[in-house]
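Please walk through the structure below one part at a time. The text takes up helices, strands, cores and a few single residues in turn.

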Amino acid sequence: MFLPQLLAKTAKGEKLVALTCYDASFARMLARAGVDILLVGDSLGMTVQGHATTLAVSLAHMAYHTEAVARGIAQAGAGAFVMADLPFGSYQQSPAQAFEAAARLMAAGANMVKLEGGAVMADTVRFLVQRGIPVCAHVGLLPQSVNLTGYRAQARDQAAAAQLRQDAKALEAAGAQMLLMESIPAALAAEVTRNLAIPTIGIGA
């Protein structure tokens, strides 16, 4: 499945089903079950590799698991959209660095990449989209910034909520085609969703 097909579903008012997936076996099962989006998450550092955070995951790890998921979908004979995380340290330095990392994941079978961060990442999002790489932006709890924030809900006060609203708008304006919101108040997530034209995905809200 490619991005226009996915967005056509949301244009009809259909909700998208997104689940995290790291291997071919689960990819086959989830694709056959009709899951729309399989997210190859850098959470594999914790769930598969046994680390305490996502920070040890490398670009090579992400490419390996993206390839496995893409093969599983192909074996299932079913259409599913593959979103792959850009791991910590592979995109924050510059838009050019982000493009190099994103191109590797796209070559491995991703249909879209996901990166963490608010308006500070807008230039990188724009750079990638202008060069043919679909982007999902990730706001709220940012696991790659765990050393700054810890694992706790975000945007719970007025100032932080206002910043998240601004970030969401800036990322959409930069060309992000989806927005993932992690561990923020459900009412805020609903408000952001209403005020954006792009689909949103909730995690831990």
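The buried residues of helix α4 are covered by several elements, including α2 (24-32), β2 (37-40), α3 (44-47), β3 (81-85) and α5 (95-107). The model is a predicted one. On α4 itself, the buried positions are Leu59, Met62, Ala63, His65, Thr66, Ala68, Val69, Gly72, Ile73 and Ala76. In an α-helix there are 3.6 residues a turn, so residues three or four places apart point the same way. The length of α4 can be checked as well: at 1.5 Å a residue, its 18 residues (59-76) should span 26 Å, and the end C-alpha atoms are 26 Å apart, which agrees. Just after the helix, Gly77 has a positive phi of about 65°.

Next come the strands. Strand β4 covers residues 112-116, and five of its five residues are buried. In a regular strand the side chains alternate between the two faces of the sheet. In β4 both faces are covered: Met112, Lys114 and Glu116 are buried on one side, and Val113 and Leu115 are buried on the other.

Which strands pair with β4? One of them is β3, which pairs with β4 in the parallel sense over three bridges. Within this pairing, Met83 has Met112 as its bridge partner in β4. To get from β3 to β4 the chain passes through α5, and this β-α-β crossover is right-handed. Another partner is strand β5 (residues 135-140), which runs parallel to β4 and is joined to it by four bridges. Here the bridge partner of Glu116 is His138 in β5. Helix α6 (residues 122-130) belongs with β4 and β5 to a right-handed β-α-β unit.

Further along the chain, strands β6 (residues 178-182) and β7 (residues 200-203) also pair in the parallel sense, over four bridges. Met181 has Gly202 as its bridge partner in β7. With helix α9 (residues 186-195), β6 and β7 form a right-handed β-α-β unit. The loop between β6 and α9 holds Ser183. The phi of Ser183 is near 50°, a positive value in a residue other than glycine. Ser183 counts as buried because its relative accessibility is 16%, and the cut-off for buried is under 20%.

Strand β3 contains Asp85. Is Asp85 buried or exposed? At 4% relative accessibility, Asp85 counts as buried. The side chains of Asp85 and Lys114 are joined by a polar contact of 2.6 Å. A polar atom of the Asp85 side chain also lies 2.8 Å from the backbone nitrogen of Asp42. Leaving out residues up to four places away in sequence, Asp85 touches Leu39, Val40, Gly41, Asp42, Met62, Leu105 and Lys114. Two of these have come up before: Met62 is among the buried residues of α4, and Lys114 is on one of the covered faces of β4.

The largest nonpolar core has 52 residues, and Leu38, Leu105 and Leu179 touch the most other members. Helix α4 supplies the largest share of this core, six residues. Not counting residues up to four places away in sequence, the contacts of Leu179 are Cys136, Ala137, Val139, Ala168, Leu171, Val192, Leu196, Ile198, Pro199, Thr200 and Ile201. There is also a second, separate core of 11 residues, with Ile37, Phe81, Cys136 and Met178 among them.

The loop between α7 (146-149) and α8 (158-174) offers a contrast in accessibility. Ala155 lies in this loop and is buried, with a relative accessible area of 10%. Ala155 has a positive phi of about 60° although it is not a glycine. Arg156 lies in the loop between α7 and α8 too, but Arg156 is exposed, with a relative accessible area of 57%. A polar atom of the Arg156 side chain lies 3.3 Å from the backbone oxygen of Ala153. The C-alpha atoms of Arg156 and Met62 are 32 Å apart, and the two residues are separated by 94 residues along the chain.

The last residue to find is Ala96, in helix α5. Its relative accessibility is 47%, so Ala96 counts as partly exposed. Between the C-alpha atoms of Ala96 and Cys21 the separation is 28 Å, with the two residues 75 residues apart along the chain.

Terms used: Residues numbered from 1 in each chain as written. Predicted model: local features only at pLDDT ≥ 70, side-chain atom pairs only at ≥ 80, totals over all residues. Heavy atoms only, no water. Helix = DSSP H or I, 4+ residues; strand = E, 2+ residues; numbered from the N terminus. Expected span 1.5 Å × (residues − 1). Buried < 20%, exposed > 50% of the residue type's maximum accessible area, 1.4 Å probe, protein only. Contact = heavy atoms within 4.5 Å. Pairing = 2+ DSSP bridges. Right-handed = clockwise from strand over helix to strand, strands pointing away. Polar contact = N/O pair within 3.5 Å; in protein donor to acceptor, adjacent residues only side chain to side chain. Core = buried A, V, L, I, M, F, W, Y, C linked by side-chain atoms within 4.5 Å.
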